[in-house]
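Me: Could you take a close look at the salt bridges in this model for me? I'd like to hear which side chains pair up and how buried or exposed the partners are.

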Amino acid sequence: MDAAVSHHACKELLVSLSDYLDGEAAEALCTEIERHLAGCEDCRVVVDTLRKTILLYRTLPPPAPPQTIRARLLHALELDKDAP
Amino acid sequence: MTKELPAPTLLSPELLDEAYEQRLLERIRAGDKTACAECIDLHSAGVYRLALRMVGDPHEAEDIVQETFLNAFRTIDSFEGRSSLSTWLYRITYNAALMRLRKKQPLHVSIDPHGDEEEAATTPVQLFDWCCLPEEDFQTAEARNELERAISELPEPLRAVFVLRELEGLSTEETAQALDLSVSNVKVRLHRARLWLRERLSGYFTELAQRSQARK
């Protein structure tokens, strides 16, 4: 654990990881990445934990605005009064 | 092929309807108060979320929301429609939040996208595979708080990109417009934000996984 990914090939892979996980990497690059992952445990862990990280924050419930915010806004912007 | 990840889904159908937005803008420009209220109903939640993620304080976030809509309605005639209304509102929100952050910490808020903190995050150090944890361990209140805390601690130059692109679901181009960045800069910052969060969360989940292994 805690041994930084420093190998040249690993660093090259790291640059393209977001494109790869977003499905935006070209097929040839995907093949190259998957070939590297098959033989590099450290990078496999980085990819899996990065994918899990993305999954976790994308399924995080969004913070709800306070219920009073609408009334406060309408009042502050004088939108709660009838036009003269 | 890579396993598909769920897309952010906070955008409501009205936000994607250009014709509706055009009519709404015309009504706001004509001084229609109902249209202004409609605009608030449609956009205040997103504006609030960005403000909150930027400043971290719910009361201050509310103030920023108010400031944003005041500013937007006052200057609606200068809105040329080169971006969507929501992108423009996010831009006003971001600038308002940034002003407040700079007032509070003038020496700590950097506009340099290549800060030391971000650079450090581009090299993964945490290499323990915590994906083996049971799913319920990822869904606890503690795990969610940890994730929220990690997002709030993202270096400021990465945070707004991350929130707009990953949590609010804007496209790379829209995020670039909202934050006045190039498309490639948005991509770089998003990538760094993801790696930064992975690294930050790995500390917590690794400890959890190791504790769980030790109990077996």
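Reply: Happy to! Let's begin with B:Glu62, which is buried, at a relative accessible area of 10%. In this predicted model, the side chain of B:Glu62 forms a salt bridge with that of A:Arg72, with 3.3 Å from N to O. This contact runs between chains: A:Arg72 belongs to helix H4 (residues 69–76) of chain A, while B:Glu62 sits in helix H3 (residues 58–74) of chain B. A:Arg72 is partly exposed, because its relative accessibility of 31% falls between the 20% and 50% cut-offs.

Staying in chain B, the side chains of B:Arg149 and B:Glu146 make a salt bridge at 2.9 Å, N to O. Both residues are part of helix H6 (residues 141–152) of chain B and stand three residues apart, about one turn of the helix. Here B:Glu146 is buried at 11% relative accessibility, whereas B:Arg149 is partly exposed at 40%.

Another chain B pair joins B:Glu166 and B:Arg194, whose side chains meet in a salt bridge of 3.0 Å, N to O. B:Glu166 lies in helix H7 (residues 156–167) of chain B and B:Arg194 in helix H9 (residues 183–215) of chain B, so this salt bridge ties together parts 28 residues apart in sequence. Both B:Glu166 and B:Arg194 are buried.

Finally, there is a network of salt bridges that links A:Glu41, A:Arg44, A:Asp48, A:Arg51 and B:Asp129. For the wider picture, searching the whole structure gives 26 salt bridges over all chains.

Definitions and conventions. Residues numbered from 1 in each chain as written. Chains lettered and ligands numbered in written order. Predicted model: local features only at pLDDT ≥ 70, side-chain atom pairs only at ≥ 80, totals over all residues. Heavy atoms only, no water. Salt bridge = Lys/Arg side-chain N within 4 Å of Asp/Glu carboxyl O. Helix = DSSP H or I, 4+ residues; strand = E, 2+ residues; numbered from the N terminus. Buried < 20%, exposed > 50% of the residue type's maximum accessible area, 1.4 Å probe, protein only.
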